[in-house]
Amino acid sequence: MTQPDEKVRLDKWLWAARFYKTRAVAKQMIDGGKVHYNGQRTKCSRHVEVGATLTIRQGFDEKEIVVVELSDRRGGAPDAQKLYRETDASIRKREENAAQRKAMGSGLNPRNRPNKKERRQIISFKDSERGIFDK
């Protein structure tokens, strides 16, 4: 953890808190508008303050966190979780969204390729369509 008078850049803090694998990815996400600092878009050079609210969009989820501690060093996952606290509303919202996605079924994550049986069915279907239109 850093001293109270030290300043930590936003991209470095996000990397240390293990939201992103590298600082370069953290910078891309900040520049792309996926990270908001106190409700506003920001630059990656912004200095993080204790008590600030960050909104981070990752995949389907959007997390709202409050900065608890500052650090510019990447440690283990238990140490990284001590740097922030996710709000209760954010946790509830993520759980509701996950339940909705689960209820919708596997439509959001289809397999990339059909298996052998499905491939034969597709070929059979295409051949049957050709027969209809050739007459």
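How many aromatic pairs does the structure hold? The structure, which is a predicted model, holds three aromatic pairs, where rings of Phe, Tyr and Trp (its six-membered ring) are taken to pair if their centres lie within 6.5 Å, with planes under 30 degrees apart counted as stacked, over 60 as edge-to-face and the rest as tilted. One of these joins W13 to Y84 in an edge-to-face arrangement, with 6.5 Å from centre to centre and 75° between the planes. This pair links distant parts of the chain, since W13 belongs to helix α1 (residues 10-16) and Y84 to strand β5 (residues 84-86), 71 residues apart; helices (H or I, at least four residues) and strands (E, at least two) are DSSP runs, numbered from the N terminus. W13 counts as buried because its relative accessibility is 0%, the classes being buried under 20% relative accessible area, exposed over 50% and partly exposed in between (1.4 Å probe, protein chains only). F19 and Y84 form a tilted pair, 4.8 Å centre to centre and with 45° between the planes, and this pair also links distant parts of the chain, F19 lying in the loop between α1 and α2 (23-31), 65 residues apart from Y84 in strand β5. With a relative accessibility of 8%, F19 counts as buried. Ring pairs thus link W13, F19 and Y84 into a cluster.

As to the source of these values, residues are numbered from 1 along each chain as its sequence is written, and side-chain values use heavy atoms, with hydrogens and water left out. In this predicted model, local features need pLDDT of at least 70 and side-chain atom pairs count only at pLDDT 80 or more, whereas totals for chains, interfaces and linings use all residues.

The largest nonpolar core (a set of buried Ala, Val, Leu, Ile, Met, Phe, Trp, Tyr and Cys residues joined through side-chain atoms within 4.5 Å) has 21 residues, and those with the most contacts inside it are L10, W13, L14, F19, L54 and I56. The elements that give two or more residues to this core are α1, α2, β1, β3 and β4, and α1 gives the most, with four residues. Leaving aside neighbours within four places in sequence, L54 is in contact (heavy atoms within 4.5 Å) with residues including L10, W13, L14, H36 and I65.

Five strands form an open sheet in the order β2-β1-β3-β4-β5, with antiparallel pairing, two strands being paired if DSSP finds at least two bridges between them. At the edges stand β2 (40-41) and β5, each with a single partner strand, so that one side of each is left without a neighbour in the sheet. Within the sheet, strand β1 (residues 35-37) is joined by three bridges to strand β3 (residues 53-58), and these two run antiparallel; H36 stands opposite T55 in β3.

Helix α4 (residues 88-104) lies across β4 (61-67) and β5, running at about 165° to β4, where axes are lines fitted to C-alpha atoms, for helices over the stretch in contact, and angles run from 0 to 180 degrees between N-to-C directions. In the loop between β5 and α4 lies T87, which is buried with a relative accessible area of 14% and which, neighbours within four places in sequence set aside, is in contact with E64 and V66.

Positive phi values occur at R18 and at N38, neither of which is a glycine: phi of R18 is near 65°, and that of N38 is about 50°. R18 is placed in the loop between α1 and α2 and counts as partly exposed at 40% relative accessibility, while N38, found in the loop between β1 and β2, is partly exposed with a relative accessible area of 44%.
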